[in-house]
Amino acid sequence: MTRTHPAVAVGVDGSQESLTAAQWALDVAVRRHVPVEVVHSWSIPLPPVGLGPAPVGLSDDRIQEAAQSVLDEAVAALQARGTDVEVTGTLYPGTPSAALLEAADRSSLVVVGASGLDRVTEFVLGSVTQQVVAHASCP
């Protein structure tokens, strides 16, 4: 768990709430004079039952391109604020919580936004926020 720099990592998912979290992370990074790493992840959704054919139109490339677009938009929104801190983006294959935990290993702070799940879904699946808070190597 070696921190290569005291960056602030922030997860985004394309929602307004995650962009608000990213802007808050940028404000913290400006005060600390450290870079911001915007993190997004992608994976191929598994069908809820059976192993039938994949839904038409879904492919690794299309899902990854859509994820890259979400990441690029968030990075561009932060860069447009015109601060003097470096803003980079990292796209991870896998789950959001795994991506944020990996980014936390080299950051001084990890920021997540409000959950977009209803309480029942969050209870069954677990929330990214809960997993990050429980397992991150930094605040």
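Let me begin with one residue, Ser97, which touches Val128, Gln131 and Val132 when residues up to four places away in sequence are not counted, contact here meaning heavy atoms within 4.5 Å. Ser97 lies in helix 3, where helices (H or I, at least four residues) and strands (E, at least two) are DSSP runs numbered from the N terminus. At 8% relative accessibility, Ser97 counts as buried; buried means under 20% relative accessible area, exposed over 50%, and partly exposed in between, with a 1.4 Å probe and protein chains only.

Before going further, I should say that this is a predicted model, in which local features need pLDDT of at least 70 and side-chain atom pairs count only at pLDDT 80 or more, while totals for chains, interfaces and linings use all residues. Residues are numbered from 1 along each chain as its sequence is written, and side-chain values use heavy atoms, with hydrogens and water left out.

Now the overall layout. The protein has five helices and four strands, and from the N terminus on its elements run β-α-β-α-β-α-β-α-α. Of the 139 residues, 32% are buried. Among contacts between residues at least 6 apart in sequence, 76% join residues at least 24 apart.

Let me turn to the sheet. The four strands form an open sheet in the order 3-2-1-4, with parallel pairing, and two strands are taken to pair if DSSP finds at least two bridges between them. Strand 3 and strand 4 are the edge strands, each pairing on one side only. Neighbouring strands of this sheet are turned by 25 degrees against each other on average, direction ignored; axes are lines fitted to C-alpha atoms, for helices over the stretch in contact, and angles run from 0 to 180 degrees between N-to-C directions.

Going through the pairs, strand 2 and strand 3 pair in the parallel sense over seven bridges, and the partner of Glu37 in strand 3 is Thr88. Strand 1 and strand 2 are parallel too, over four bridges, with Val8 standing opposite Val36 in strand 2. Strand 1 and strand 4 likewise pair in the parallel sense over four bridges, and there Ala7 stands opposite Ser107 in strand 4.

How enclosed, then, is strand 2 by the rest of the structure? Seven of its seven residues are buried, so strand 2 is largely enclosed. In a regular strand the side chains alternate between the two faces of the sheet. In strand 2 both faces are covered, with Val36, Val38, His40 and Trp42 buried on one side and Glu37, Val39 and Ser41 buried on the other. Strand 4, for its part, is mostly covered, with four of its five residues buried.

We can now return to helix 3, residues 96–104, whose buried residues are Ser97, Ala99, Leu100, Ala103 and Ala104. These buried residues are on the same side of helix 3, because they cover an arc of only 160 degrees around the axis, the arc being that of the directions from the helix axis to the C-beta atoms. What covers them includes strand 1 (7–11), strand 2 (36–42), strand 3 (87–93), strand 4 (107–111) and helix 5 (128–135).

As for the nonpolar interior, a nonpolar core is a set of buried Ala, Val, Leu, Ile, Met, Phe, Trp, Tyr and Cys residues joined through side-chain atoms within 4.5 Å. The largest such core has 24 residues, of which Val8, Val10, Val36, Val38, Leu78, Val87 and Val111 touch the most other members. Strand 1, helix 1 (16–32), strand 2, helix 2 (60–79), strand 3 and strand 4 each supply at least two residues of this core. Apart from it lies another core, of ten residues, among them Ala9, Ala99, Ala103 and Val110. Val87, one of the residues named for the largest core, is in contact with Leu26, Val36, Val38, Val75, Leu78 and Gln79, leaving aside its neighbours within four places in sequence.

I will finish with two residues outside the strands. Thr20 is in helix 1 and, at 44% relative accessibility, counts as partly exposed; Thr20 and Val112 are 92 residues apart in sequence and 9.7 Å apart in space, C-alpha to C-alpha. His33 is found in the loop between helix 1 and strand 2, has a positive phi of about 60 degrees although it is not a glycine, and counts as exposed at 66% relative accessibility.
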